[in-house]
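Hi,

Here's the structure I said I'd pass on. Have a look at it first, and then read my notes underneath.

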Amino acid sequence: MRTEKKQSGFTLMEMLIVVAVIAVLAAVAIPVISKNVHKSQEMADVANVRAYFAYLQADYMSTGEYLPGIGDESDGFGSDEIKYPDGTTVKLKVGRVFVIRPEDAVQNTKSGYQVHYMCMTHYDDCSYTFGA
């Protein structure tokens, strides 16, 4: 009587196909995930900049005066940090913030702050402006 040994396991070809499929899925998924992570960091920055603008405008509307030291930077590069007058700092993830105080000479009346957010990366260029 002849007994045959049953072979179990995968062949080399089956293993290569599985590895190739996983490699293709990873090659497609990694850029998509990376872009979505960047977009979520950008939206977190925009939310922080919007909150900062609301804080500045509320202070300006209640006092009619600009806060000293905010919005008079002249380097033109902006900042990657939001600095509140009470010492609180918020580090931006992927962009820079610019605060502008329009002067009476430029406009007939003071209109409050303008806050600009810019993000320039290999994914996209974005720009948000809050204020007049």
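The protein chain exposes about 9,600 Å², and 61% of that comes from carbon and sulfur atoms (areas are from the Shrake-Rupley method with a 1.4 Å probe; for residues, only the protein chains shown count as cover). Of its 132 residues, 25% count as buried, meaning under 20% relative accessible area.

Before you go on: this is a predicted model, where local features need pLDDT of at least 70, side-chain atom pairs count only at pLDDT 80 or more, and totals for chains, interfaces and linings use all residues. Residues are numbered from 1 along each chain as its sequence is written, and side-chain values use heavy atoms, with hydrogens and water left out.

The chain has 1 helix and 5 strands, in the pattern α-β-β-β-β-β along the sequence. Both kinds are DSSP runs numbered from the N terminus: helices are H or I with at least four residues, strands E with at least two.

Now the sheet. It's an open one with 3 strands in the order β3-β4-β5, paired antiparallel; pairing takes at least two DSSP bridges between two strands. The edges are β3 (96–100) and β5 (125–130), each pairing on one side only. From one strand to the next, the twist averages 15° (axes are lines fitted to C-alpha atoms, for helices over the stretch in contact, with angles from 0 to 180 degrees between N-to-C directions).

Strand β4 (residues 114–120) is joined to β5 by 6 bridges, and Y117 has Y128 in β5 as its bridge partner.

Lastly, helix α1 (residues 12–63) lies across β3, β4 and β5, at about 170° to β4; contact means heavy atoms within 4.5 Å.

Cheers

Terms used:
Buried means under 20% relative accessible area, exposed over 50%, partly exposed in between (1.4 Å probe, protein chains only).
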